[in-house]
Amino acid sequence: MDPNPTRSWVALLSSVFCSSIAVALLTTVLGKQVFDLTGSSLDLGLLGLAEFAPAALLVFVSGTLADRVDRRKLASVGLAAQALTIACLAWYVATRPTSTLPIFGLVIVFGIAGAFATPATRALPADIVTAERLPWIVARQTATWQIASIVGPVLGGFLYVANVRAPYVVDSALTLVAAGLILLVRADRRGAPVARPPGGMHEAVEGVRFVRSQPILLGAISLDLFAVLFGGAVALLPAIAENRLGVGAVGLGLLRAAIGIGAGSVTLFLTIRPVRRRVGRTLLVSVAVFGVGTIALGATTSFVVAFIALIALSGADSISVFIRSTLVPLITPREKRGRVLAVEAVFIGASNELGAFESGVAGQVFGPAAAIVLGGAATLAVAALWWRLFPGLRDVDRFPVWAEPPVSAETVPDL
């Protein structure tokens, strides 16, 4: 038993904080750099697709591995590989590039590393606390993400203006620190099943089978997929900031920071007053509010209104993130958690990165503003449709509770 359990969740949240700042910073800077090189909304979408594709292609491998090895070590190796990839980006941008192809190639490598780190990291909260304490740590982990999403974009915007190479150097260092911190996690539940599951394709696709067999789980994960797939307005922020709002890199950083401000404020509230009743209805309503905020963002030409719309839609999104991040591991048995969370990571990646691609294509065809408005309207339609299609999800009142014996250190194989 860990003699100092506080150390484990502090180490985990510290690692998440550093890696989340790094991701938010990198997303801001890469979007700005690619748009400066090409001026194309489609390229912004392709950037998201390049990051998403590895997670989708490796889902059966990454999830299985997260259920068979020490999740801390798997996450650390993935983060270290991402740090090395970002260092390569730092070198490339220092050469005054004129082509985006090397950038896209390195983003694919970054996505491969993330495909392994993500399910391992996301499974750890449920491995180090009891079911009753999971909403407590999820709220704080979500708050950590959101605070990082404020710091990262603003830091990235200022560093980009100061020196185009600087944000990548800082980003690589933060990711490397995250890789080290996650190894400090010690807990009774150390991120692996009691016994090794059998190998083979049957094991690999078990996560998909389990999600399909649980209507509540399927509804919650697919809701995020389709809602954010259509409402992926964030990918078009570089184009909106430059062409519609008339602000540069610093303004873009502030707009991205608005996302963190809205989500962080709501998440901090959730650490004090977490959602405990009418869980399903709250999830669906929050997605609808996300759609309304997206429509407002696409319709405005005012920086202030855009800033407020981003605060509103990100605050609503943080509620859905909290509910899904708590609900999914509580429904999933520990021995399947890595595979199920790998499937969820693909759904989330599809909603974010593939959603960015969809937004980029729509922005190229209809223009960024019209594409965002249409996406918000589609998100509203998804929320209404899921209300009818998944009554089990809609009627969830409280989070479920499971009880499992602790896992001994001897049962955890090394990476």
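These are my notebook entries on salt bridges, a cavity, a surface patch and a few backbone details in a predicted model.

**Entry 1: salt bridges**

I began with the charged pairs, and the search gave me 5 salt bridges in the structure. I wrote up three of them here.

The pair I opened with was K32 and D36, whose side chains meet with N to O at 3.4 Å. Where do K32 and D36 sit relative to each other? Both are in helix α1, which covers residues 5-38, and they are 4 residues apart, so about one helical turn separates them. I then checked how covered each partner is. K32 comes out at 13% relative accessibility, which makes it buried, since the cut-off is under 20%. D36 has 43% and counts as partly exposed. So I have a buried lysine paired with a partly exposed aspartate.

**Entry 2: the D395 group**

Next I went to D395, which forms a salt bridge with R281, the closest N and O atoms being 3.6 Å apart. Which parts of the chain does this pair tie together? D395 lies in the segment after α17 (391-394) and R281 in helix α13 (residues 279-299), so the link joins parts that are 114 residues apart in sequence. On accessibility, D395 is partly exposed at 44%, and R281 is partly exposed as well, at 36%.

D395 also has a salt bridge to R394, with N to O at 3.3 Å. Is R394 buried or exposed? I get 18% relative accessibility for R394, so it goes down as buried. Putting the two contacts together, I noted R281, R394 and D395 as a network of salt bridges.

**Entry 3: the second largest cavity**

I switched to empty space. Rolling a probe the size of a water molecule over the atoms shows where empty space is left. Over the whole structure I found 5 cavities of 30 Å³ or more. I picked the second largest, with a volume of about 100 Å³. Its lining has 13 residues, and the ones closest to the centre are D224, A227, V287, D317 and S320.

Which elements give two or more residues to that lining? My list reads α10 (215-230), α13 and α14 (303-331). Helix α10 gives the most, with 5 residues. I also sorted the lining by class and got 8 nonpolar, 2 polar and 3 charged residues. Helix α13 had already turned up in my notes as the home of R281.

**Entry 4: a nonpolar patch and helix α6**

On the surface I looked up a nonpolar patch of about 350 Å², made by F17, I147, V151, L155 and L268. Which helix gives the most to it? That is α6 (residues 134-162), with 3 residues. I checked one of the members, V151, which lies in α6. V151 has a relative accessible area of 35%, so I put it down as partly exposed.

I then looked at another residue in the helix, A148, also placed in α6. A148 has a relative accessible area of 0%, so it is buried. I asked what separates it from A24 in space: the C-alpha atoms of A148 and A24 are 7.2 Å apart, although the two are 124 residues apart along the chain.

**Entry 5: positive phi**

Last, the backbone. Most residues other than glycine have a negative phi, and most peptide bonds are trans. I therefore made a note of two arginines with positive phi.

R96 has a phi of about 55 degrees. Where is R96? I find it in the loop between α4 (71-93) and α5 (101-128). With 76% relative accessibility, R96 counts as exposed.

R278 has a phi of about 50 degrees. This arginine is in the loop between α12 (249-272) and α13. R278 is exposed too, with a relative accessible area of 53%, the cut-off being over 50%.

Notes
Residues are numbered from 1 along each chain as its sequence is written. This is a predicted model: local features need pLDDT of at least 70, side-chain atom pairs count only at pLDDT 80 or more; totals for chains, interfaces and linings use all residues. Side-chain values use heavy atoms; hydrogens and water are left out. A salt bridge is a side-chain nitrogen of Lys or Arg within 4 Å of a carboxyl oxygen of Asp or Glu. Buried means under 20% relative accessible area, exposed over 50%, partly exposed in between (1.4 Å probe, protein chains only). On a 1 Å grid over the protein atoms alone, a cavity is a set of points where a 1.4 Å probe fits but cannot get out, and a pocket is an open set with protein on both sides within 12 Å along at least five of seven lines; lining residues have an atom within 4 Å of a point. Grid points are joined across faces, edges and corners, and a volume is the space filled by probe spheres set on the points. Ala, Val, Leu, Ile, Met, Phe, Trp, Tyr, Cys and Pro count as nonpolar, Asp, Glu, Lys and Arg as charged, and the others, Gly among them, as polar. Patches are made of residues with over 30% relative accessible area and no salt bridge: like charges are joined within 9 Å, nonpolar side chains (Val, Leu, Ile, Met, Phe, Trp, Tyr) within 5 Å. Accessible areas come from the Shrake-Rupley method with a 1.4 Å probe; for residues, only the protein chains shown count as cover.
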